[in-house]
Amino acid sequence: MHQHTCPHCQKAAVPNLAVRWSSRETPARCGACEGLCHVVASSSSGIVVFTLVLLAAAGAAGLAMQSVWVGCAAALLALAYNLWAWRRVDLWPISKDAADTANKVSWIVGLLGLLTFWGQ
């Protein structure tokens, strides 16, 4: 399984799955030094959006050409891009205090949004 390089200790010890789900609120943990790191939200969102666009284009191309094979080939291209992009993503170090603060802020913003929604 692919391991990402930790920005703290420079060892390949951060699991790929942890990187995919990392954010400022829930950072990935290095297996070697226990350092915390995350993927910048714009990189994470960009990978997801571009993969979805490729999948939509795959479906459209398959329908337009009336070919299952074209759609499948384009879907495989989207999958290959997704795997390639996640392997190349940069990790940013974050302290435990900053991650805890980001988590609290996230909860507060979520609660305020919920109260605003209920108030309408």
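**Rings, helices and a small set of strands**

A search of the whole structure, a predicted model, finds two aromatic pairs.

User: How are the planes of phenylalanine 50 and tyrosine 81 set: stacked, edge-to-face or tilted?

Analyst: The ring centres are 4.9 Å apart. The planes stand at 70°. Planes over 60 degrees apart count as edge-to-face. So the pair of phenylalanine 50 and tyrosine 81 is edge-to-face.

User: How many residues apart in sequence are the parts that this pair ties together?

Analyst: Phenylalanine 50 lies in helix H2, residues 41-64. Tyrosine 81 lies in helix H3, residues 68-88. The pair therefore ties together parts separated in sequence by 31 residues.

User: What kind of pair do tyrosine 81 and tryptophan 84 form?

Analyst: Both residues lie in helix H3, three residues apart, about one turn of the helix. Their rings are 6.2 Å apart, centre to centre. The angle between the planes is 45°. That pair is tilted.

User: Which residues form one aromatic cluster?

Analyst: Phenylalanine 50 pairs with tyrosine 81. Tyrosine 81 also pairs with tryptophan 84. The cluster is Phe50, Tyr81 and Trp84.

User: Are H2 and H3 roughly parallel or roughly antiparallel to each other?

Analyst: The axes of the two helices come within 7 Å. They cross at roughly 170°. Angles over 145 degrees count as roughly antiparallel. H2 and H3 are therefore roughly antiparallel.

User: How many residues of the contact of H2 with H3 are charged?

Analyst: On the H2 side, the contact includes Ile47, Leu54 and Ala58. On the H3 side, Val70, Ala74 and Asn82 are among the residues. The contact has 13 nonpolar and five polar residues. The charged count is no residues.

User: Which strands stand at the edges of the open sheet?

Analyst: The sheet has three strands in the order E3-E4-E5, with antiparallel pairing. Each edge strand has a single partner, so one side of it is left without a neighbour in the sheet. The edges are strand E3 (28-29) and strand E5 (91-94).

User: Which residue in E5 stands opposite cysteine 37?

Analyst: Strand E4 covers residues 36-39. E4 and E5 pair in the antiparallel sense over four bridges. Opposite cysteine 37 stands proline 93.

User: Is glutamine 66 buried or exposed?

Analyst: Glutamine 66 sits in the loop between H2 and H3. Its phi is positive, near 50°, though the residue is other than glycine. Its relative accessibility is 74%. Over 50% counts as exposed, so glutamine 66 is exposed.

Definitions and conventions:
Residues numbered from 1 in each chain as written. Predicted model: local features only at pLDDT ≥ 70, side-chain atom pairs only at ≥ 80, totals over all residues. Heavy atoms only, no water. Pairing = 2+ DSSP bridges. Phe/Tyr/Trp six-rings, centres within 6.5 Å; stacked < 30°, edge-to-face > 60°. Axes fitted to C-alpha atoms, helices over the stretch in contact; angles between N-to-C directions. Parallel < 35°, antiparallel > 145°, perpendicular 65-115°, else oblique. Contact = heavy atoms within 4.5 Å. Nonpolar A, V, L, I, M, F, W, Y, C, P; charged D, E, K, R; others polar. Buried < 20%, exposed > 50% of the residue type's maximum accessible area, 1.4 Å probe, protein only.
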